[in-house]
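User: I'm new to this and would like a close look at a single part. Could you walk me through it slowly?
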Amino acid sequence: MITLFRKDEVDFSHNGLGSLDNAIISPLIKWHDNGAFTLEFKYPLFAKHGKDIENSSIIKANDADGTNLFFVYKVIPSMGYISVFCYQISYKLAFNAIDDTFIVSKNGQQALSQIASSTQYPHNFHFSSDIQTVANSRVVRKNVIEFLLDSKLENSFINRWGGHIIRQNFNVAMNTAYSRESKNYTIRHRKDLKGYSAEIDESTVITRIRPVGYDGLMLPEIYVDSELIGAYPEPRIQQFEYSSVKVKQKATDEEGFNTVEEAYAELRRLAKLEFTDNKVDVAHATYKVEFVALQDTEEYKELKSLAKLKAGDTVTVLHKEDGLDIKAQIVEYSYNPLSNSYNSITLGNFQKTFSSTITKLVDSKVKEVSEIAETALISANDKNKVTHGSVEPLSPKTGDSWVRPNPNDISESQWLIWDSEKWVTEMDSAEQVKKGHVISSINVSEEEILIQADKIHISGQTKIDDASITGAKILNLDASKITAGTLSAINISGVNITGSSLTSNTDNNRASINLNGGNQTFYGISGKKLGQMRPTIDAGTGVANGFAIIKSAGEIFSINAGDSNSGTSSPVFQIPANANDNNVTANFFGQLKFENVQPLDGRDIWVVSPSGRKVVLGVNGNSKLMAEDGGVATFGNFSVFNGSKNAVHVTRNGLRATPAYEMAESYLGDLGRNYTREDCEIWVHIDELFSDTVNTDIAYEVFLQAYSDATFWVEDFKSDKFLVKSNKPMSRFAYEIKAKRRGYEEDRLVEQKKDNKEIEQIYVEKETNDNGEHDF
């Protein structure tokens, strides 16, 4: 019987508002493994309960496993009938919320118990699980159904603990299997049977596994084969990585096997589990049985046993022509709760646990080679071969290489070279000069002979015809032996040079430094006076108090940075030729750092760059202030003390400033408009560029403004959208979203590290005037 109850009913042991059986049309329950669980039907609008059925009404009906409860979520009236759409009652948990809970090291039952007690408001649901897997999950701003079943949610129950959901009234279970008392059925695969269809997908079948452990550890035999390898035209090969399988390098290592043989055994065991537990050697099969189409056929008797099938029962499908027996379970059904019978069922076998698919070999006649596995690459000389693997290559040629696990340390690789007789290491293949051997030539080439050592001792008379000695220590040197007329580039120390002029002469040019009375006058190669270095005199006392570098009129004074290789230089600081005591000008090139700069004449300080260039003020690190053609940019934190942050506008009454809107936390906002649809709701998607700047994985706020005669509210929040509902359809509204700036989620009234003295200087009673004086 299909029974109607009020939306607020809590006792379902009676007949409620009454039975719908007499007038209900085409009732159909649809169930999918770990998916949708719904009830749909039509009902005459003017029948006995036509006006009683409304959103949130509760329907009790039989599904394939017994009595169950559904609630109405949508009613569509049309042409004197209503179309009613219902969810199983557990979907009411989608209206409840889990604000923030962290499940740490808990099994399935413990995880569900924590979730049950972490919802935003109490509920009547009971949770259970027989899953013993221990896992963690941080659940923030999700509803319960989303957490349980959303396979796209990385930290959902189905992804962290696995299992199958069983939903019966207010009982929700997440178990490893549907039933511990499942029955077994057997049917024969018939390609031409009416009402029966099958889809067999072999693209993911694997019958030969190459297990690889830590750091490339491989089995001596390379592969592990499935017992079903002969059921397919060719072996289906795939590599599986088991990085946890390693061999201890020393006895004190905490992880790893003691011997390589133990590691090999573990690789074989894990590979076999892929066949026995994960069924990677079985084709992915889907079988659909339409009972309505079958019931009038002669062959129906072969499949009618499936009408008793329940979730968790196993069906063995015999593929006689292929020599395969595939075990499958029900993964989807449609069920008539009025006749208590299936309309259709869909069977599926084991789901694969890997994501890659195997492409069929083009040549199905490729000979299976199991005694050797090698990865051969042709070396750069296009003649020799480089082979990677633990099995010795066959028929190597001189110069071929073999990269294998080091027998003494399998965590390392060993490179061997075939020398025409045996495999040798690179060191063995190199010619070495050992102690006591006679060397007739030392690194001889047509250009030079290289003798390289930390110390070389040459005894006896030595004659060098032509040499360049870049550095030497000569203990005794007889000056009479030096016959050169000029000594160039020498250092003279410990002597006095008498005279007042140092002159550099050439035939046509004369450059000099004149020393006279403490002044040093510099002359160019043409004899022209360039400038002086002389003491500065205190005007009051006449006593020298420093020195000055003074350029001559029309000349340039420059401090340059030079290139030691090319001999060229570029100015860093320069007084140009037109500068004088009435035109004090200096040019700076490159980076310039100012400390404690004060204007000497009371005028403003200007730092100006040519158009298209930047002026940057900063300190070591990333904090800086940069001025360019487009404006001023700040890198790092920007703080305003004893002032405001304003935008200045031209108004009809002069320039006016509008201050920045400040908040206690770092929020960014966005505005928009939209309207609800005919179902009185709309998912508003958050602008993608805006979402790049904020973190919507944590709580954010949405404010609504009605532009219609309707009431609006935010029903649900997701990281990329939020749900707005109204009490009237097609109603316009505006919204403002405020979310935490990405990277600054924890900032709130951030303390500024200033001591009392600095604070006093910033917040004085009266502002300092431009001349540096205080008004009191």
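Which residues of helix 1 (residues 108-116) are buried?

Analyst: Before we start: this is a predicted model, where local features need pLDDT of at least 70 and side-chain atom pairs count only at pLDDT 80 or more, while totals for chains, interfaces and linings use all residues. Residues are numbered from 1 along each chain as its sequence is written, and side-chain values use heavy atoms, with hydrogens and water left out.

Now, your helix. The buried residues of helix 1 are Gly 108, Ala 111, Leu 112, Gln 114 and Ile 115. Here "buried" means under 20% relative accessible area, with exposed being over 50% and partly exposed in between (1.4 Å probe, protein chains only). A helix is a DSSP run of H or I with at least four residues, a strand is a run of E with at least two, and both are numbered from the N terminus. These buried residues sit on the same side of helix 1, because they cover an arc of only 160° around the axis. That arc is taken from the directions from the helix axis to the C-beta atoms.

So what lies over them? The cover includes strand 8 (98-106), strand 9 (126-129) and strand 10 (135-142). It also includes helix 2 (144-149), helix 3 (157-160) and strand 12 (171-175). Contact here means heavy atoms within 4.5 Å.

Finally, look at the N-terminal end of helix 1, which Asn 107 caps. A side-chain oxygen of Asn 107 lies 3.3 Å from the backbone nitrogen of Gln 109.

For something to set beside the helix, try Arg 236, in the loop between strand 16 (224-225) and strand 17 (237-241). Arg 236 is buried too, with a relative accessible area of 6%.

Definitions and conventions: A polar contact is a pair of N or O atoms within 3.5 Å; within protein, one must be able to donate a hydrogen and the other to accept it, and residues adjacent in sequence count only if both atoms are side-chain atoms.
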